[in-house]
Amino acid sequence: MSETNCNTQHLNFKGKRILLAEDNDLSAEVAIAILNDAGIEVSRVVNGKECVKALAEADPGKFDAIFMDILMPEMDGYCASREIRAMGDPQKSEIPIIAMTSKTFDEDRWNCLVAGMNAHLAKPIDPKELFNTLGEFI
């Protein structure tokens with residue numbers, strides 16, 4: 001059994017639901033495969049505008065967390081996070097948002113936190129780090 005599988009079983013993510021905002025097909029495919037292997041259901045959108053819309057239209061509590069890319073067309077991850085934090089429903093406005101991005105400088109991490117994100121993960125994704133971070137919030 002791989003270390004990732006041990007970690008996922010320990011934290012038990014089976015049945016959790018993630019909203020993934022990722023415009024790059026390959027990055028999305030990798031993230032979805034990692035998350036699905038842990039029993040996590042993933043709904044993907046391709047930009048921040050779609051992410052805000054999907055969350056706004058979802059039943060409260062439908063998603064357990066959001067993985068948010070930063071550089072996306074139409075609306076970037078920073079703007080999307082700020083719009084989510086401004087939603088009137090606390091079940092939506094307080095959802096954990098985890099940046100999943102290739103922007104890895106200290107300034108980038110700080111900008112994610114200022115925009116209302118809870119954590120920052122660097123691409124390429126390290127499954128162990130992904131699950132440890134996700135485990136802090138759900």
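# Exercises on a parallel sheet and its salt bridges

Strand 1 (residues 17-21) and strand 3 (residues 65-68) pair in the parallel sense, over 4 bridges. The model used in these exercises is predicted.

## Exercise 1: The sheet

Find the order of the strands in the sheet and name its edge strands.

Solution.
- Step 1. Start from one pair of residues: leucine 19 has isoleucine 66 in strand 3 as its bridge partner.
- Step 2. Extend this to the whole sheet: 5 strands form an open sheet in the order 2-1-3-4-5, with parallel pairing.
- Step 3. Look at the ends of that order. Strand 2 (41-45) and strand 5 (119-122) are the edge strands, and each pairs on one side only.
- Step 4. Add the twist. Neighbouring strands of this sheet are turned against each other by 25 degrees on average, direction ignored.

## Exercise 2: A helix on the sheet

State which strands helix 7 lies across, and give its angle to strand 5.

Solution.
- Step 1. Locate helix 7 at residues 127-137.
- Step 2. List the strands: helix 7 lies across strand 1, strand 3, strand 4 (97-101) and strand 5.
- Step 3. Read the angle: helix 7 runs at about 170 degrees to strand 5.

## Exercise 3: Buried or exposed?

Decide whether methionine 68 and valine 114 count as buried or exposed.

Solution.
- Step 1. Recall the cut-offs: buried means under 20% relative accessible area, and exposed means over 50%.
- Step 2. Place methionine 68 in strand 3. Its relative accessibility is 0%, so methionine 68 counts as buried.
- Step 3. Check the surroundings of methionine 68. Leaving aside residues up to four places away in sequence, methionine 68 touches a list of residues including Ala21, Cys51, Ile84, Ala99 and Met117.
- Step 4. Compare sequence with space. Methionine 68 and isoleucine 18 are 50 residues apart in sequence, and their C-alpha atoms are 10 Å apart.
- Step 5. Turn to valine 114, which is in helix 6 (residues 106-114). Its relative accessibility is 53%, so valine 114 counts as exposed.
- Step 6. Name the partners of valine 114 on the surface: Trp110, Leu113 and Val114 form a nonpolar patch with about 340 Å² of accessible area together.

## Exercise 4: Salt bridges

The structure holds 5 salt bridges. For three of them, give the N to O distance and the accessibility of each partner.

Solution.
- Step 1. Take arginine 44 and aspartate 25, whose closest N and O atoms are 3.0 Å apart. Arginine 44 lies in strand 2 and aspartate 25 in helix 2 (residues 25-37), so this pair ties together parts that are 19 residues apart in sequence. Arginine 44 is partly exposed at 31%, whereas aspartate 25 is exposed at 53%.
- Step 2. Take aspartate 69 and lysine 123, with 3.4 Å between the closest N and O atoms. Aspartate 69 lies in the loop between strand 3 and helix 4 (77-85), and lysine 123 in the loop between strand 5 and helix 7, so the pair ties together parts that are 54 residues apart in sequence. Aspartate 69 is buried at 6%, whereas lysine 123 is partly exposed at 22%.
- Step 3. Take lysine 103 and aspartate 108, with the closest N and O atoms 3.5 Å apart. Lysine 103 is partly exposed at 25%, and aspartate 108 is buried at 8%.

## Exercise 5: A network

Which residues are linked with Asp69 in a network of salt bridges?

Solution.
- Step 1. Begin with the salt bridge from Exercise 4 between aspartate 69 and lysine 123.
- Step 2. Add Glu22: Glu22, Asp69 and Lys123 are linked in a network of salt bridges.

How values were computed. Residues numbered from 1 in each chain as written. Predicted model: local features only at pLDDT ≥ 70, side-chain atom pairs only at ≥ 80, totals over all residues. Heavy atoms only, no water. Pairing = 2+ DSSP bridges. Helix = DSSP H or I, 4+ residues; strand = E, 2+ residues; numbered from the N terminus. Axes fitted to C-alpha atoms, helices over the stretch in contact; angles between N-to-C directions. Contact = heavy atoms within 4.5 Å. Buried < 20%, exposed > 50% of the residue type's maximum accessible area, 1.4 Å probe, protein only. Salt bridge = Lys/Arg side-chain N within 4 Å of Asp/Glu carboxyl O.
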